[in-house]
Amino acid sequence: GTWSKRGRADICSAGRAERRDDLTSPRSGRKLGRPMKYIALILVLAVPALRAAPVQTQQTITVDKVKKLEARFLLYLPADYQTMEDAQWPLMMFLHGAGERGNDLNRVKVHGPPMLVEKGKMFPFIIVSPQCPKGQVWDAEVLLALLDHMCKKYRVDQTRQYLTGLSMGGYGTWSLGIAHCDRFAAISPICGGGNFIKIYNASG
């Protein structure tokens, strides 16, 4: 038989609808339908959560640095040092003030034990009087290296090492004496200040 015009129209409408579904499907490469949009959005939001979390690792580095230390100083040895070959002698380190800095060791003789030795005074102990370079302050590392040198080269009674200084040297005496209090039998800072909190802590 023959189809009615309405029947043919229904079939054509169904065909057009099927083609529209094909055009909006993922295979067509065109716009996704609403359900597919939701799925795509969920996947996009989930990607960051799938990435590895940032990691911080604990690291340590050790660098060997070689530092050249230099010290200019006046040295006084007791009159009997050479003849009393078996004797060990006390040692006193004297630190001058800011006005005696430079590269002329004669300036160190202006005050303190070096001045007294220059005037003929004799002492029964070794005296080492370093000079601080111009524009600098006392460097504990240099002073300790000098003390170590003295103890190796000369017959020093290491239980009787003494430290004194005036003005800037008084500050240096406090600083070195506090930091290395076990090394010195006594310190005698003159006209200098120190960190007395460190002294309190050092006393236990």
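Start at one pair of residues: Gly165 stands opposite Pro189 in S5. One step back along the chain, Thr164 faces Ser188 of S5 in the same manner. Both pairs belong to the parallel pairing of strand S4 (residues 156–166) with S5, which runs over 5 bridges. Pairing here takes at least two DSSP bridges between two strands.

Before going on, a word on what you're looking at. This is a predicted model, where local features need pLDDT of at least 70 and side-chain atom pairs count only at pLDDT 80 or more, while totals for chains, interfaces and linings use all residues. Numbering starts from 1 along each chain as its sequence is written, and side-chain values use heavy atoms, with hydrogens and water left out.

Now zoom out. The protein chain has 6 helices and 5 strands, and from the N terminus on they come in the order α-α-β-β-α-β-α-β-α-β-α. Helices (H or I, at least four residues) and strands (E, at least two) are DSSP runs, numbered from the N terminus. The 5 strands make an open sheet, ordered S1-S3-S2-S4-S5, with mixed pairing. S1 and S5 sit at the edges with a single partner strand each, so one side of each has no neighbour in the sheet. On average, neighbouring strands are turned by 20° against each other, direction ignored.

What packs on this sheet? H4 does, touching S1, strand S2 (89–95), S3 and S4, and its direction makes about 155° with that of S2. H5 lies across S2, S4 and S5, at about 140° to S4. Those angles run from 0 to 180 degrees between N-to-C directions, with axes as lines fitted to C-alpha atoms, for helices over the stretch in contact. As for contacts (heavy atoms within 4.5 Å), among those in the protein chain between residues at least 6 apart in sequence, 67% join residues at least 24 apart.

Next, the charged side chains. Side chains of opposite charge can pair when their charged atoms come close. A search of the whole structure turns up 5 salt bridges, each being a side-chain nitrogen of Lys or Arg within 4 Å of a carboxyl oxygen of Asp or Glu. One of them joins Lys67 to Asp139, with the closest N and O atoms 3.6 Å apart. Lys67 is in the loop between helix H2 (34–50) and strand S1 (72–76), and Asp139 in the loop between strand S3 (126–131) and helix H4 (140–153), so this pair ties together parts 72 residues apart in sequence.

Another salt bridge links Asp148 and Arg183 at 2.9 Å, N to O. Asp148 is in helix H4 and Arg183 in the loop between helix H5 (168–179) and strand S5 (186–190), so parts 35 residues apart in sequence are tied together. Asp148 is partly exposed at 34% relative accessible area, and Arg183 is partly exposed at 21%. The cut-offs: buried is under 20% relative accessible area, exposed over 50%, and partly exposed in between (1.4 Å probe, protein chains only).

Is Asp157 buried or exposed? Asp157 counts as buried, at 13% relative accessibility. Asp157 forms a salt bridge with Arg160, the closest N and O atoms being 2.8 Å apart. Its partner Arg160 counts as partly exposed at 33%. Elsewhere, Lys67, Asp139 and Glu141 are joined into one network by salt bridges that share partners.

For the chain overall, 27% of its 204 residues count as buried.
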